[in-house]
Amino acid sequence: MITVESLTRRYAGFTAVDNVSFTALPGRVTGFLGPNGAGKSTTMRVMVGLTVPTSGSATINGERFADLPNPGLEVGVLLDASAQHAGRTGREILTIAADTMGLPRRRVDEMLELVSLTSSEAKRRVRNYSLGMRQRLGIGTALLGDPRVLILDEPANGLDPAGIRWMRDLLTGFASQGGTVLLSSHLLHEIEVIADDLVVIGNGKIVASGSKEELLAAAGTLVRSTSPRDLAHALELAGVPSTLAGDGSVRTDADPARVGAVALTAGITLTELRSAESAGLEDMFLSLTADTQREGVAA
Ligand code: ADP
């Protein structure tokens with residue numbers, strides 16, 4: 001598992017990561033979600049020893065990355081797919097990594113096949129790779145040592161829809177065999193379809209974390225009716241707090257059954273009644289990060 005404890009990283013008075021704590025558990029895909037500049041990459045860089053924390057710690061299976069004797073066998077890392085040596089071929093990059101980790105050369109071919117890079121593509125220099133091909137190669141490099149933990153920063157960047165589906169299947173398969181996956185994204189949809197657990201970060205601080213179901217359930221109920229004001233009034237009389245939005249929808253923390261019952265008693269026609277869950281994470285994400293995004297723009 002991955003454990004982050006009270007992690008803070010400051011740059012010349014600017015706090016990029018502010019007292020962040022969370023865990024990513026085995027058998028789960030943990031999505032690390034936040035707008036650009038929220039502090040995701042910095043947190044991940046600390047996890048793999050590339051950035052020194054100002055205070056706090058990040059450990060992988062209880063050890064700091066720097067203390068792992070052969071880290072590639074325990075944790076696969078993909079932080080920046082374009083950080084590979086552009087003059088080397090894909091095969092060379094995997095071969096050097098395999099040699100460094102003391103792995104048999106056959107792992108190189110196994111990984112090329114796993115990430116669907118053909119033998120002619122593997123012979124091309126990485127400078128001539130598309131971003132999607134670099135991401136595939138990066139994922140192949142991360143998986144080379146057959147680690148039990150994966151740390152991936154924006155791995156879906158540059159992948160086409162088929163590539164995203166492929167990656168999703170790969171990562172959920174990895175987690176279902178007991179692996180720990182932490183992946184970051186600033187895109188909600190990517191995370192929503194793949195993650196079991198979510199850690200949402202804004203302006204360096206954790207703004208929400210928990211299982212996807214828990215976080216979505218907290219989104220409450222959305223209801224529309226031909227007479228939204230009457231509905232909001234009926235809910236108020238029934239002791240159910242609600243808010244009437246500008247688009248005529250009514251939101252409440254009460255569950256849909258309760259809202260439906262109130263509407264029935266009041267004789268109000270509903271045109272839509274659903275758990276806000278089906279609206280996806282977007283509302284939650286936008287509301288959770290709205291302040292931090294504004295501040296981020298202003299800063
Ligand atoms: P994310 O990955 O969520 O987009 P980052 O972790 O890359 O966010 O960045 C968080 C904040 O820290 C940003 O405002 C970024 O500009 C700042 N930052 C990151 N690295 C450095 C650095 N080396 N020096 C100064 N500021 C940095």
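A cavity, as the word is used here, is a set of grid points where a 1.4 Å probe fits but cannot get out, whereas a pocket is an open set with protein on both sides. The model described here is a predicted one, and it holds one cavity of 30 Å³ or more.

**The enclosed space**

The largest cavity has a volume of about 50 Å³, and its lining is made up of Ile164, Met167, Arg168, Leu183, Glu190, Ile191, Val193 and Ile194. Two helices, α6 (161–176) and α7 (188–194), each supply at least two residues of this lining, and α7 gives the most, with four residues. Sorted by class, the lining of the largest cavity comprises six nonpolar residues and two charged ones, with no polar residue.

**The open spaces**

The largest pocket encloses about 650 Å³ of space. Of the 23 residues that line this pocket, Val77, Ala97, Met101, Thr141 and Ala142 are the closest to its centre. The elements that contribute two or more residues to the lining of the largest pocket are β5 (75–78), α2 (90–101) and α5 (131–143), and the largest share, five residues, comes from α2.

The second largest pocket, with a volume of about 210 Å³, is lined by 13 residues, of which Leu114, Leu143, Asp146, Phe174 and Gln177 lie nearest its centre. Here α3 (106–114) and α6 are the elements that give two or more residues to the lining, with α6 providing the largest share, four residues.

The classes of lining residues in the two pockets are set out below.

| Pocket | Volume | Nonpolar residues | Polar residues | Charged residues |
|---|---|---|---|---|
| Largest pocket | about 650 Å³ | 14 nonpolar | seven polar | two charged |
| Second largest pocket | about 210 Å³ | eight nonpolar | two polar | three charged |

**A buried acidic residue**

Asp153, which is placed in strand β6 (residues 149–153), is buried yet has no salt bridge. The nearest side chain of opposite charge is that of Lys40, 6.4 Å away, and because a salt bridge requires a side-chain nitrogen of Lys or Arg within 4 Å of a carboxyl oxygen of Asp or Glu, the pair of Asp153 and Lys40 does not count as one. The side chain of Asp153 does, however, take part in polar contacts: one, of 2.7 Å, is made with the side chain of Ser41, and another, of 2.4 Å, joins the side chain of Asp153 to that of Ser184.

How values were computed:
Residues numbered from 1 in each chain as written. Predicted model: local features only at pLDDT ≥ 70, side-chain atom pairs only at ≥ 80, totals over all residues. Heavy atoms only, no water. 1 Å grid on protein atoms, 1.4 Å probe; cavity = no way out; pocket = protein on both sides within 12 Å on 5 of 7 lines; lining within 4 Å. Points joined across faces, edges and corners; volume = space filled by probe spheres on them. Nonpolar A, V, L, I, M, F, W, Y, C, P; charged D, E, K, R; others polar. Buried < 20%, exposed > 50% of the residue type's maximum accessible area, 1.4 Å probe, protein only. Lys, Arg positive; Asp, Glu negative; His and termini not counted. Polar contact = N/O pair within 3.5 Å; in protein donor to acceptor, adjacent residues only side chain to side chain.
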